[in-house]
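This report covers aromatic contacts and one helix in a predicted model. The structure comes first, then the text.

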Amino acid sequence: MAEKAPPRWDRRMQQRLSRGEAAALGEMYDRFAALVHSQANRMLDDEDAAGVVTREVFGYVWENPDMYDPKQGSMRAWLAFLTHRASVRRLRGGADGVDRDGPDDPGALDERVRRATAAARADYIVASMPAPLRAALELAYAQRRDYRQAAADLGVTEDEARRRLRLGLQLLSTARTHPAEGAPPPGYGRAL
């Protein structure tokens with residue numbers, strides 16, 4: 001395994017995470033959250049604890065992307081290793097889900113994680129959506145144009161501008177929902 005070069009996607013993902021691209025974390029989460037959550041759930045036999053481990057794993061990845069060593073294996077294998085390590089620590093009673101470096105209220109950490117995750121997923125969704133939808137949303141929200149002004153700026157009918165805004169908002173609304181059935185709500189939190 002040490003001799004094989006990692007897939008191109010793994011190398012690019014590590015580079016993007018190292019640059020602090022929130023959209024990269026959203027993309028990685030969409031691709032591997034079900035794997036991480038199901039592995040943690042199998043080990044812990046507890047949905048809530050598996051959700052916490054999932055957030056811990058992706059939080060660790062976000063905070064320490066350079067800890068991934070492509071010479072040791074794939075990104076998928078690294079995430080599985082991190083999940084196993086966090087789950088074992090939790091089984092041994094070494095983690096209680098409380099943020100020791102932050103607020104005393106674990107609910108505050110969860111809320112911070114939810115907001116950060118929704119923002120990262122929203123960034124990824126906006127970056128991935130078709131250019132006409134993105135342009136309409138940017139006019140409406142960044143430049144505070146109403147649909148009539150957006151239609152004029154885009155050179156489309158008012159009905160078309162409304163349609164683009166509606167579709168763009170529908171896509172953005174998915175940032176707060178889970179990416180795959182059976183996966184926990186999107187999130188990442190404390191380092192491992």
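Searching the whole structure of this predicted model gives four aromatic pairs. One of them joins Y68 and W78: the ring centres are 5.5 Å apart and the planes stand at 45 degrees, so the pair counts as tilted, a class that lies between the limits of 30 and 60 degrees. Y68 sits in the loop between α3 and α4, whereas W78 belongs to helix α4; the pair links distant parts of the chain, with the two positions 10 residues apart.

Both rings belong to buried residues. Y68 has a relative accessible area of 2%, and for W78 the value is 11%. Y60 joins Y68 and W78 in one aromatic cluster.

Two arginines lie over the faces of aromatic rings, as tabulated here.

| Arginine | Ring | Distance from ring centre |
|---|---|---|
| R31 | W9 | 3.9 Å |
| R85 | Y60 | 5.5 Å |

Y60 therefore appears twice: as a member of the aromatic cluster and as the ring under R85, whose CZ meets the 6 Å limit for a charge over a ring.

Helix α4, which carries W78, runs over residues 75-91. Its 17 residues reach 24 Å from the first C-alpha to the last, close to the 24 Å expected at 1.5 Å a residue. The buried residues of α4 are M75, W78, L79, L82, T83, A86, S87, V88 and R90. This buried set packs against three other helices: α1 (8-18), α2 (22-44) and α3 (47-63).

How values were computed. Residues numbered from 1 in each chain as written. Predicted model: local features only at pLDDT ≥ 70, side-chain atom pairs only at ≥ 80, totals over all residues. Heavy atoms only, no water. Helix = DSSP H or I, 4+ residues; strand = E, 2+ residues; numbered from the N terminus. Expected span 1.5 Å × (residues − 1). Buried < 20%, exposed > 50% of the residue type's maximum accessible area, 1.4 Å probe, protein only. Contact = heavy atoms within 4.5 Å. Phe/Tyr/Trp six-rings, centres within 6.5 Å; stacked < 30°, edge-to-face > 60°. Lys NZ or Arg CZ within 6 Å of the ring centre and 35° of its normal.
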